[in-house]
Amino acid sequence: MALLFLQNGNLVSGFWIAFMVVLLSRRLGSEPTQDKQALLSFFSQILHANRLQWNSSDSACNWVGVQCNANSSGVYSLRLPAVGLLGSIPANTIGQLTQLRVLSLRSNRLSGQIPLDFSNLKSLRNLYLQNNQFSGEFPASIIDLSRLNRLDLSGNNFTGKIPVAVGNLTQLTGFFLQNNGFTGELPNINGSANLLNFNVSNNHLNGSIPASLSKFPASAFAGNIGLCGEPLPPCSPFGASPAPSPSSIPPPENPSGKRNKKLSTASIVAISVAAALCFILLLLILLLRLRKRQHHRRLAAKPDQKLPATARSAAVAAEAGTSSSKDEVTGGGGGGASSSVEQGERNSLVFFEGGGVYGFDLEDLLRASAEVLGKGGGGTSYKAVLEEEEEYGGTTVVVKRLKDVVVSQKEFESQMEVLGEMKHDNVVPLRAYYYSKDEKLLVYDFMPRGSLSALLH
C-alpha cells in the first residue's frame, strides 16, 4: 500500500515519490563519472594529435575509442591505436578504470615505464602496448593482472630479465615480447597449455628453452643467439667452467714427463672437440636465419597475395612496400578525407566522415578473417570480420581490393574525396581507403541482406 501525505490540502502518493527517486538515481548513474574524470585527466596531461577530440560536455561513452558497459556505469574498452599519443602515461588516470577489459594504446610514441597503478586493472583481459617506446624492466604492475588473455609488449625498449612470476599468468592465450632487449633465461609458464601464440624473437635471451614452450616454431625464438634446445638446435654438452688459478692446482704425485704429455694431449683434444661443436652450432643457427630470410623474401615477391588468410595478409603489407604491418590506422571524424593524416605516416587508412565510429586500423584489417564476396573487372571484394572485436560481437566491413589501377597518389586521393562526399540512400557510403604504390583498398559498410540486385533476382 502506498503511503499518503497531506500537503497544502492535496494528497500526494508516497509511492510515486519513491518511484521518481528511483528513476532519478538511475539517470544519474548512467554516466561513468569517475571514469570520465580519469579519462579527462589523461587527455589533459599527455601530448596528442588533434585527431583525438573528446568533448567534456558529452558523455564519455560517446567519445571516440571509448566503450561503456550495458548500463553505462563504467568504461570497459579503451582503444586509441595510432592517434599520436606522445610521452609517459600519467599516474592516476588509466589505472583508475577498474572495470576496463580491453586496453589498446599501440603504435603511438608513448615512452617511459608503465605506471604502477596498472595493477588496479584486475578485470583487464587484453592489453596491447606494442610499437611504442616504453623502456625499463618488465612492468611489475602487469604481473598482478591474473585474468589477462592477450599481452603484447613487442616493439618497445624493455630490458632486463623476464620475471619468473610471469608463469602465474595462467590465462594467457597470446604472449608477445619480440623486438625488445630482454636478457637472461626464459622462465617456465605454468599455463602454457592455454598458450596459443607466443613470440620472444629478436631479444638477447640465452640458455635452454623450457619444455613447456618447445611446442612453438623456431621463428618464435629467432634472433636470440644464446638460446638452444627444441625447437632450436640442441644445447652443447660441454658446459663452460672457469679455469682454476695456478695456485689452486695441486702438484702431481708422480711428475713424469710422459704422464704430463698425455694429460696435455687429452686437454687439447677436449678443447678441439668443444670448439668444433660450437662452430657447428653457430653455423646451424646462421643457416636457419638465412633460410628464414629467403622464405620471407619469396613471400614478399609473390604478386597475387590475397587478403583473407592471416599469413598472407602480412605478405600483402610487404608487397605494398611497407616494412611492418603494425603501423596503425587513424580514425578521423572531420568532413571529407582527414586532413590531419601526415604525409610521413605509412600504412594508414584514411577515414571519411562517419568512418570514425570504427575502432580498427590497417593491422586489424590485414589480420581479419575474410571471405570472398565477388570478383569483377575492377577488383575483388571481401567480407572482413575484425579479429579483436569478435569477443564483443564483431565488427564487419567490406574491403574491395582494386586491380590494375595505376594512378598517382594525388589523383587517387582526389577521386576518393569525390566518392567520399557522395551521399545517397541507395548508395553504400565509402568509409575509408588505403593507397600505396602497389596496393589500393576501399572500405565500405557491410550490408548483411545483400544488394538490391540480389533481392530482386
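This passage looks at the nonpolar cores and the disulfides of a predicted model.

A quick word on conventions: residues are numbered from 1 along each chain as its sequence is written. Since the model is predicted, local features need pLDDT of at least 70, side-chain atom pairs count only at pLDDT 80 or more, and totals for chains, interfaces and linings use all residues, while side-chain values use heavy atoms, with hydrogens and water left out.

The largest nonpolar core (a set of buried Ala, Val, Leu, Ile, Met, Phe, Trp, Tyr and Cys residues joined through side-chain atoms within 4.5 Å) holds 60 residues. Buried here means under 20% relative accessible area, exposed is over 50%, and partly exposed lies in between, with a 1.4 Å probe and protein chains only. The members that touch the most others are L78, I94, F175, F198 and F221. As for where the core comes from, helix 2 (33-45), strand 3 (66-68), strand 4 (75-79) and helix 3 (140-143) each chip in at least two residues. Helices (H or I, at least four residues) and strands (E, at least two) are DSSP runs, numbered from the N terminus. Helix 2 gives the largest share, five residues.

I94 gives a view from inside this core. With neighbours within four places in sequence set aside, I94 is in contact (heavy atoms within 4.5 Å) with F42, L78, I89, L100, L103, L105, F118 and L121. One of these partners, L78, is itself among the residues touching the most other core members. There is also a second, separate core, made of 15 residues, including L349, A368, A384 and A432.

Next come the disulfides. A disulfide is a covalent bond between the sulfur atoms of two cysteines. Taking a disulfide as a pair of cysteine sulfur atoms within 2.5 Å, the structure has two of them. Counting bonded cysteines along the chain, the pattern is 1-2, 3-4.

One bridge joins C61 and C68, with the sulfur atoms 2.0 Å apart. The torsion about its S-S bond is about -100 degrees, so this disulfide is left-handed. Both ends are tucked away by the cut-off used here: C61 counts as buried at 19% relative accessibility, and C68 counts as buried at 14%.

The other bridge links C228 and C235, whose sulfur atoms sit 1.9 Å apart. Here the S-S torsion is about 90 degrees, so the disulfide is right-handed. C228 is buried, with a relative accessible area of 12%, whereas C235 is partly exposed at 32%. Another cysteine, C278, is partly exposed, with a relative accessible area of 39%.
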